[in-house]
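Work through the exercises below with the structure open beside the text. Each task is followed by a solution in steps.

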Amino acid sequence: MPAFDWVRLSTRRLLLRPLRVADAPFVLALFTDAGFMKFGTTAPFASNDEADALVARDIKAMAAGERIRLGIERVADGSLIGICTLFDLDAQSRKAEIGYGLLTQAWGQGYMHEALRALLEYGFSELGLNRVEAEIDPDNSGSARSLQRLGFVREGQLRESCIVNGVVSDSALYGLLRREWTARETSVSNA
Ligand SMILES: CC(C)(COP(=O)(O)OP(=O)(O)OC[C@H]1O[C@@H](n2cnc3c(N)ncnc32)[C@H](O)[C@@H]1OP(=O)(O)O)[C@@H](O)C(=O)NCCC(=O)NCCS
């Protein structure tokens, strides 16, 4: 995959852009936000060092084209409110997994829908993906609504696919195909 450190995606209210060293305080705020962390697979960050390390890893991975994680910046006030990611990029099968999250204070305003539409359009059109999938906690109803709103189909339940702090849980698997995305976006823009 190409380097992703130059990627910038603009929407009506948002700028999606790579994380920078100066964004570490936002990363710490996000990874200690109870709403964001509720269904997370990591423990809340305990120090600035963990946020610094995440940003440093991201800068390297984006330059190497390993994954694309973008900070979601609200244009109105220039503040970061969340992140969205395409990871586990599989060049042969032209598929990737999507991940996303917002600070709790930014929920309920359609920001993630706007951001993920831009990220999916980039994935299908620019990266040539054929399939994007998501694995979420079956109890994460907010995330399920986000996926369904974008046209993802629930394809099944992965039994005991997740162990966090020794707790074993299932995941719900969702998938969205390029042809479904194209048909949907065409009908939205013709509406
Ligand atoms: C998943 C998550 C991003 C969804 O947040 P969200 O605020 O519901 O998503 P959106 O920003 O797209 O907003 C959609 C909501 O805003 C409402 N809304 C308000 N104004 C809107 C607008 N202008 N446009 C669209 N929706 C709008 C919608 O009705 C919808 O609410 P509803 O689901 O109650 O109907 C959020 O719950 C989160 O960060 N969770 C923690 C992290 C997580 O679980 N990530 C997924 C695992 S990978």
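Buried means under 20% relative accessible area, exposed over 50%, and partly exposed in between (1.4 Å probe, protein chains only). The model is a predicted one, in which local features need pLDDT of at least 70, side-chain atom pairs count only at pLDDT 80 or more, and totals for chains, interfaces and linings use all residues. Residues are numbered from 1 along each chain as its sequence is written, and side-chain values use heavy atoms, with hydrogens and water left out.

**Exercise 1. Place Arg179 and decide whether it is buried or exposed.**

Step 1. Arg179 belongs to helix α6, residues 178-190. Helices (H or I, at least four residues) and strands (E, at least two) are DSSP runs, numbered from the N terminus.

Step 2. The relative accessible area of Arg179 is 61%, so this residue is exposed.

Step 3. Arg131 is 48 residues away along the chain, and the C-alpha atoms of Arg179 and Arg131 are separated by 9.0 Å.

**Exercise 2. Describe the surroundings of the ligand.**

Step 1. Count the neighbours: 17 residues surround the ligand. A residue is counted as near if one of its heavy atoms lies within 4 Å. The closest are Gly108, Met112, Asn140, Arg145 and Arg149.

Step 2. Sort the shell by type: six residues are nonpolar, nine polar and two charged. Here Ala, Val, Leu, Ile, Met, Phe, Trp, Tyr, Cys and Pro count as nonpolar, Asp, Glu, Lys and Arg as charged, and the others, Gly among them, as polar.

Step 3. Look for polar contacts (pairs of N or O atoms within 3.5 Å; within protein, one must be able to donate a hydrogen and the other to accept it, and residues adjacent in sequence count only if both atoms are side-chain atoms). A ligand oxygen lies 3.3 Å from a polar side-chain atom of Trp107. For His113, a polar backbone atom is 2.8 Å from an oxygen atom of the ligand. For Asn140, an N or O atom of the side chain is 2.7 Å from a ligand oxygen.

Step 4. Find the cover: the ligand taken alone exposes 950 Å², and the protein buries 70% of that. These areas come from the Shrake-Rupley method with a 1.4 Å probe; for residues, only the protein chains shown count as cover.

Step 5. Name the elements that give two or more residues to the shell: α2 (34-37), β5 (95-102), α4 (111-126) and α5 (141-149). With four residues, α5 gives the most.

**Exercise 3. Check the length of α4 and list its buried residues.**

Step 1. The expected span of a helix is 1.5 Å times one less than its number of residues. The 16 residues of α4 should therefore span 22 Å, and its end C-alpha atoms are 22 Å apart, which agrees.

Step 2. The buried residues of α4 are Tyr111, Met112, Glu114, Ala115, Leu116, Ala118, Leu119, Leu120, Tyr122, Gly123 and Phe124.

Step 3. An α-helix has 3.6 residues a turn, so residues three or four places apart point the same way.

Step 4. Just after α4, Gly128 has a positive phi of about 70°.

**Exercise 4. Which residues pair with Glu114, Asp58 and Arg131 in salt bridges?**

Step 1. A salt bridge is a side-chain nitrogen of Lys or Arg within 4 Å of a carboxyl oxygen of Asp or Glu. The whole structure holds nine of them.

Step 2. Glu114 pairs with Arg13, their closest N and O atoms being 2.7 Å apart. This pair links distant parts of the chain, 101 residues apart: Glu114 is in helix α4, and Arg13 is in the loop between β1 (9-10) and β2 (14-18). Glu114 has 14% relative accessibility and so counts as buried, whereas Arg13, at 22%, counts as partly exposed.

Step 3. Asp58 pairs with Arg69, with 2.8 Å between the closest N and O atoms. Asp58 lies in helix α3 (residues 48-63) and Arg69 in strand β3 (residues 68-74), so the pair ties together parts 11 residues apart in sequence. Asp58 is buried at 1% relative accessible area, and Arg69 is buried at 12%.

Step 4. Arg131 pairs with Glu133 at 2.8 Å, N to O. Both residues, Arg131 and Glu133, are buried.
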